[in-house]
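Visitor: I am in my first year and would like a close look at a single part of this protein. Could you take one helix and show me how it sits among its surroundings?

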Amino acid sequence: MDPTPASTQASTAATDTSVLRRRARARALPAVLRGATWLFGSVPWPVAQRLGSLLGRLAWRVNGRDRKRTLDHLAIAFPDMDPRQRRALGHASLRHLGTSVGELLHLLRRPPGEAQKHVRVEGFEEIERLRTEGRPIVVLMAHCGNWELTSVANLSHGLGLAASARELDEEVLHDLAVRLRARLGSETIPRGSRGAGRQLLRVLRSGGALAMLIDQDLKAPGIWVPFFGRMAHTPPGAAEIALRFGAAVVPTFCERLGDGSHTLRFHPTLDLPDDVTEATAVMTAAIEKQVRRRPEQWVWLHRRWRRPPPDPQPRTEGDRRRR
């Protein structure tokens, strides 16, 4: 007789099944992406958008986990909204995300300059003014609109963008994102990698612009600031760099328009307090403003409030970072 309890056997079997699924997915994903890149790159831009939207519709129907997360997060952000409206908004956000994926797969097989046809840049005068003043520049971004299209400003306006980005869990997806940014003229600096600090300093001191996204709860040290009325664990790196090096922080968001084109908008420089937590709160408020403006264009399936905030602790002088 097998002395192992049935519960332990079931747990082991479930673990083995999960490992096999991950291995099968890892083997299949590169071939799937190659085929998808070929397909989306072979059709016109509007067709790629429609195909991507169909992928988003399919994801909404079959991926119950992401659908539930999306609806749960929308309930946190818009508690007074009719549930039917939240469901329609969640559906629209998955369609938008699918459309963005379709656009990026399309651009991977197209000349870099094609992206410029679909993106109109507004407010770049703010970047030019800051460069005249000789200030380092942090481009504050979020997962709004098709955020990867921010790199188009390298081609059209010489932005010189370098993105500080975490490495994706799937290596093949990470490599795809890095390759796309490189085609549009952007360098990728893996967050937390060896030598990342020197690369960041080089960008800031050479007249480039450092892109940083702070609207996700990462598996890294963070601080707590309000987002849609609830405390959210937030990366402090953008605020730390801005306060340490006197960098100007320019909120920059890409927004999809009804005709299938995009507007990339550089907003006025934020006026930041001399405290990392307070500065991060100001940046997060700017992101929330854009999300409220076009809520269907934010990634609601991300677990933004995945962990509860700790009990309030008294602030000390050591918490403050001066310019």
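Guide: What follows starts with the chain as a whole, turns to helix α8 for the close look, and then sets a second helix and some charged pairs beside it. Please keep in mind throughout that this is a predicted model.

The protein chain contains 10 helices and 9 strands, and of its 323 residues, 47% are buried. If we take the contacts between residues at least 6 apart in sequence, 76% of them join residues at least 24 apart, and this is worth remembering when we ask what lies over a helix. The chain exposes about 16,800 Å², of which carbon and sulfur atoms supply 54%.

Now to helix α8, which runs over residues 196-205 and whose buried residues are Ala196, Leu200, Val203 and Leu204. Around the helix axis these residues cover an arc of only 95 degrees, and therefore they lie on the same side of α8. On the other side of α8 we find Arg198 and Arg205, and both of these are exposed. What, then, covers the buried residues of α8? The cover includes the strands β2, β3 (161-165), β4 (187-190) and β5 (209-213), together with the helix α9 (237-245). Just after α8 comes Gly207, which takes a positive phi of about 85 degrees.

A second helix, α5, can be read in the same manner. Helix α5 spans residues 125-133, and its buried residues are Glu126, Ile127 and Leu130. Looking down the axis of α5, we see these buried residues fall within an arc of 100 degrees, so they line one face of the helix. Glu125 and Thr132, on the other side of α5, are exposed. Among the elements that cover the buried residues of α5 are β2 (137-141), β8 (248-256) and β9, and β2 is also part of what covers the buried residues of α8. Just after α5, Gly134 has a positive phi of about 75 degrees.

Strand β9, which we have just met as part of the cover of α5, leads us on to the charged side chains. The side chain of Arg265 meets that of Glu122 in a salt bridge, at 3.1 Å from N to O. This pair links distant parts of the chain, since Arg265 belongs to strand β9 (residues 262-266) and Glu122 to strand β1 (residues 119-122), 143 residues apart. Arg265 counts as buried because its relative accessibility is 17%, whereas Glu122, at 28%, counts as partly exposed. Salt bridges that share partners join Arg265 and Glu122 with Arg120, Glu255, Arg293, Arg294 and Glu296 into one network.

The structure holds 18 salt bridges, and two others among them may serve as further examples. Arg110 forms a salt bridge with Glu114, with the closest N and O atoms 3.8 Å apart; here Arg110 is partly exposed at 22% relative accessibility, while Glu114 is buried, its relative accessible area being 11%. In the other example, the side chains of Arg65 and Asp66 meet at 3.7 Å from N to O, and in this pair Arg65 counts as exposed at 54% relative accessibility, whereas Asp66, at 15%, counts as buried.

Technical notes: Residues numbered from 1 in each chain as written. Predicted model: local features only at pLDDT ≥ 70, side-chain atom pairs only at ≥ 80, totals over all residues. Heavy atoms only, no water. Helix = DSSP H or I, 4+ residues; strand = E, 2+ residues; numbered from the N terminus. Buried < 20%, exposed > 50% of the residue type's maximum accessible area, 1.4 Å probe, protein only. Contact = heavy atoms within 4.5 Å. Areas by Shrake-Rupley, 256 points an atom, 1.4 Å probe, with all protein chains shown as cover. Salt bridge = Lys/Arg side-chain N within 4 Å of Asp/Glu carboxyl O. Arc of directions from axis to C-beta.
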